[in-house]
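Biologist: I have a model open and a list of terms I only half trust. Can we go through them, with a reason for each?

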Amino acid sequence: MRANIQSYLHKFLKPISHPPSSLLHLHTTTSTSPHHTQFNLNPPLKSQNKDEPTNHSQRDNKFNEAIDVLCQQKRLKQAIEMPDLVRSPAATATYSALINLCLHLRALKEAKRVHAHMKSSGFVPGVFISNRLLDLYCKCESFVDAQQLFLPNPGRDLCSWNIMISGYAKAGRVKEARSLFDGMPERDNFSWTAMVSGYVRHDQPDEALELFRVMQRYEGIKCNKFTVSSALSASTAIQALGIGKEIHCHVTRIGLDSDAVVWSSLCDMYAKCGNIDEARYIFDKTVDRDVVSWMAMIHRYFEDGRREEGFALFSDFLKSGMRPNEFTFAGVLNACAVETLEDLGKQVHGYMTRIGFNPFSFPASSLVHMYSKCGDIDNAKKVFDLMPHPDLVSWTSLINGYSQHGQPNEALQLFELLLKSGTKPDRITFVGVLSACTHAGLVDKGLEYFHSIECKHGLKHSTDHYACLIDLLSRSRRFKEAEDMIDQMPMKPDKFLWASLLGGCRIHGNLALAKRATEALFELEPKNAATDVTLANISATAGKWGEVAKIRKTMDDKEVVKKPGLSWIEIKRKVHVFVVGDLSHPRSKEINDFLGDLSKRKKEEGYVPQTENVLHDVEEEQKEQNLSYHSEKLAVAFGIIATPPGTAIKVFKNLRTCVDCHMDIKFISKIVGRKIIVRDSNRFHCFEDGRCSCKDYW
DNA sequence: CTAGGGTTAG
């Protein structure tokens with residue numbers, strides 16, 4: 001059948017004056033849907049008559065039908081050739097189909113060709129067609145063409161104005177939209193809504209709300225579900241719970257509360273103003289919840305760290321019989337990745353397999369992401385290998401997975417494969433590649449990749465790339481080059497870059513440069529405890545105890561924010577969370593006894609801490625008392641006593657693991673003969689038989 | 001024909 005059509009179309013690409021009658025055959029054999037036939041056999045609408053004043057030169061109907069068929073098959077290239085074959089104008093419906101297809105594909109050039117054909121064939125478009133074109137030009141942000149069409153002419157109506165306003169507003173040219181809005185002869189709901197939503201989209205919530213207020217005073221203009229949801233987004237954006245509540249009342253009063261989107265905006269407003277439970281209340285009351293409302297609600301729980309409720313709701317969602325879509329899986333898997341809930345992720349994976357999900361679709365890349373994030377690089381690779389054409393996200397996730405998992409060489413090999421596959425890497429891919437070089441200590445290779453970003457791949461260096469490079473250089477003590485780079489870079493260094501430099505200074509005890517980095521950091525984020533703590537550490541290592549005391553004092557003075565260190569471990573589908581010195585766990589006593597025993601054995605084996613006088617709180621997590629254990633050690637200890645001998649332990653931490661714990665866990669892995677995996681905020685550490693995969697280089 | 005909510009890689 002397909003070959004048949006092809007050959008028919010082939011004939012059509014040659015200019016011919018009389019299309020073969022076989023075209024009718026083509027039409028009837030391809031139109032399986034009743035919709036299709038209806039579209040073509042319908043008599044022209046009234047407005048279409050107006051559009052076709054040149055009836056005498058009307059071309060053969062079969063031509064129009066052929067174009068319509070091509071349009072329905074979304075074969076724009078062939079469809080667009082057709083009108084040029086005949087000088088007479090096409091039918092209005094045919095032009096409309098062509099423009100629709102161009103609009104769908106955002107094909108500006110082709111649309112212009114259609115437009116040109118209309119002009120040259122003497123077709124005078126009615127307001128319907130010219131508005132469609134106008135919409136297309138606006139959506140393609142081709143405002144010069146749009147303006148030309150829009151210029152004062154008898155064919156423009158209120159709708160044309162609205163299209164222009166909405167076009168400018170969507171493109172972020174809110175001022176132009178507003179001046180049209182102010183100058184228009186009459187306004188309807190569309191005009192107001194386009195303007196309000198334009199302000200919301202482009203970060204001007206105050207203007208949006210102001211206009212919304214003005215609108216209420218106009219007779220004859222009633223706000224509808226569109227204006228209301230935009231106004232709700234505006235109050236959400238400025239966290240104005242009060243205004244949001246007012247709109248909520250208004251919605252109930254005027255009876256707009258039967259629309260899924262209005263409800264969804266309401267939920268969003270309450271949630272983003274810090275009231276998730278109220279959002280849930282509204283969610284429960286929503287009558288026709290669609291997939292979007294479900295996912296938004298589920299997502300809110302995850303964002304707020306309420307993972308149990310998030311997954312409970314997800315399970316309700318599945319039970320409700322609602323058809324999950326691609327976003328559903330992507331969203332939940334992403335939550336599993338963020339929360340490192342591998343078991344649940346696997347369940348979702350199983351579910352996807354049962355309902356026969358498409359490995360081409362993007363949830364497959366969410367699976368790769370989830371497995372990589374959970375440290376299950378083998379499964380990540382398995383899913384990846386099943387994908388016929390892995391997309392950039394999958395490549396990048398896997399490259400990063402390998403890089404963070406202490407297998408930088410695999411990461412780099414994978415990157416070379418990516419290049420061979422013809423996929424174009426982007427900014428983020430290179431972050432993974434550069435950090436792989438850092439983890440592997442491949443400085444020169446990293447420099448080479450860094451330069452290739454601009455030279456070979458035609459991408460611009462971003463601050464992230466510079467931060468990676470500074471990380472790479474300063475960790476290998478190449479401070480001079482790092483400083484030169486910072487002085488030469490075309491943009492302002494960001495906090496990640498300075499923090500990388502500071503980290504390098506800590507490793508190599510470079511106090512002078514550390515001061516430069518901390519000064520810059522104090523300016524960028526004055527209240528981050530990590531900066532002070534690191535500087536204190538470097539000073540302590542250098543024996544400058546006076547400096548240390550000073551730093552301690554300034555920390556007290558400016559009330560720095562300490563991010564609490566958390567470690568967690570998933571055992572039998574339950575997540576156990578620990579903080580420093582945590583005594584709240586039911587098996588707390590056993591955990592502490594275990595760690596106490598361990599210290600004794602450490603001493604017996606002649607283990608001497610290398611950093612006797614150094615402050616141990618390298619990163620944000622501070623040692624509250626000398627006797628308390630850091631969260632990662634508690635979680636590891638619990639893992640060991642709660643699982644049978646030989647089981648691998650997997651612990652996650654929200655901050656970077658400290659030097660002391662790192663050393664202790666190496667020791668633990670040797671004594672108990674277990675594989676211990678700790679994922680900190682930076683990377684994975686795989687401890688086995690007294691060694692760590694990061695080779696102490698992190 | 002013109003308008004609104006959630007969108008996966010560091």
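Modeller: Start with the surface near DNA strand B, in what is a predicted model. Its residues divide into 13 nonpolar, 19 polar and 11 charged.

Biologist: How many residues surround DNA strand B, and what makes a residue count as near?

Modeller: There are 43 residues around DNA strand B. A residue counts if one of its heavy atoms lies within 4 Å of the strand. Lys-170, Arg-201, Asp-259, His-369 and Asp-464 are the closest.

Biologist: Which parts of DNA strand B lie within 4 Å of the protein?

Modeller: Sugar or phosphate accounts for 36% of those DNA atoms. The rest belong to bases.

Biologist: Why is the pair between Ser-264 and a base nitrogen of DNA strand B called a polar contact?

Modeller: The cut-off for a pair of N or O atoms is 3.5 Å. An N or O atom in the side chain of Ser-264 is 3.4 Å from a base nitrogen of DNA strand B, so the pair counts. Ser-366 offers another case: an N or O atom of its side chain is 3.2 Å from a base oxygen of the strand. For the side chain of Asp-426, the distance to a base nitrogen is 3.0 Å.

Biologist: Where do the PPR repeats come from?

Modeller: They come from an unreviewed UniProt entry. Among the listed ranges are 157-191 and 259-289. In the model, residues 157-191 are 74% helix and 0% strand, with the end C-alpha atoms 12 Å apart. Residues 259-289 are also 74% helix and 0% strand, and there the end C-alpha atoms are 9 Å apart.

Biologist: What makes a residue part of the lining of the largest pocket?

Modeller: It needs an atom within 4 Å of a pocket point. By that rule 46 residues line the largest pocket. Nearest its centre are Phe-496, Ser-500, Arg-656, Ser-681 and Asn-682. The pocket's volume is about 1,600 Å³.

Biologist: Which helix gives the most to that lining?

Modeller: Helix 31 does, with 7 residues. Other helices that each supply at least two include helix 23 (363-373) and helix 33 (529-541). The whole lining divides into 12 nonpolar, 18 polar and 16 charged residues.

Biologist: In what order do the strands of the open sheet run?

Modeller: The order is 2-1-3-4-5-6, and the pairing is mixed.

Biologist: Why are strand 2 and strand 6 said to stand at the edges?

Modeller: Strand 2 (574-578) and strand 6 (691-692) each have a single partner strand, so one side of each has no neighbour in the sheet.

Biologist: How do you know that strand 4 and strand 5 pair?

Modeller: Pairing takes at least two bridges. Strand 4 (residues 676-679) and strand 5 (residues 684-688) have 4, in the antiparallel sense, so they pair. Ile-676 stands opposite Phe-687 in strand 5.

Biologist: What joins strand 1 to strand 2?

Modeller: A hairpin, with 2 residues between the strands. Lys-572 in the turn has a positive phi of about 50 degrees. Strand 1 (residues 567-571) and strand 2 pair in the antiparallel sense over 5 bridges, and Glu-570 stands opposite Val-575.

Biologist: What makes Gln-239 stand out?

Modeller: Gln-239 has a positive phi of about 55 degrees, although it is not a glycine. It sits in the loop between helix 15 (225-237) and helix 16 (241-254). Arg-477 is not a glycine either, and its positive phi is about 65 degrees. Its loop lies between helix 29 and helix 30 (479-488).

Notes: Residues numbered from 1 in each chain as written. Chains lettered and ligands numbered in written order. Predicted model: local features only at pLDDT ≥ 70, side-chain atom pairs only at ≥ 80, totals over all residues. Heavy atoms only, no water. Polar contact = N/O pair within 3.5 Å; in protein donor to acceptor, adjacent residues only side chain to side chain. Nonpolar A, V, L, I, M, F, W, Y, C, P; charged D, E, K, R; others polar. UniProt positions renumbered as here; feature names shortened; annotations may be inferred. 1 Å grid on protein atoms, 1.4 Å probe; cavity = no way out; pocket = protein on both sides within 12 Å on 5 of 7 lines; lining within 4 Å. Points joined across faces, edges and corners; volume = space filled by probe spheres on them.
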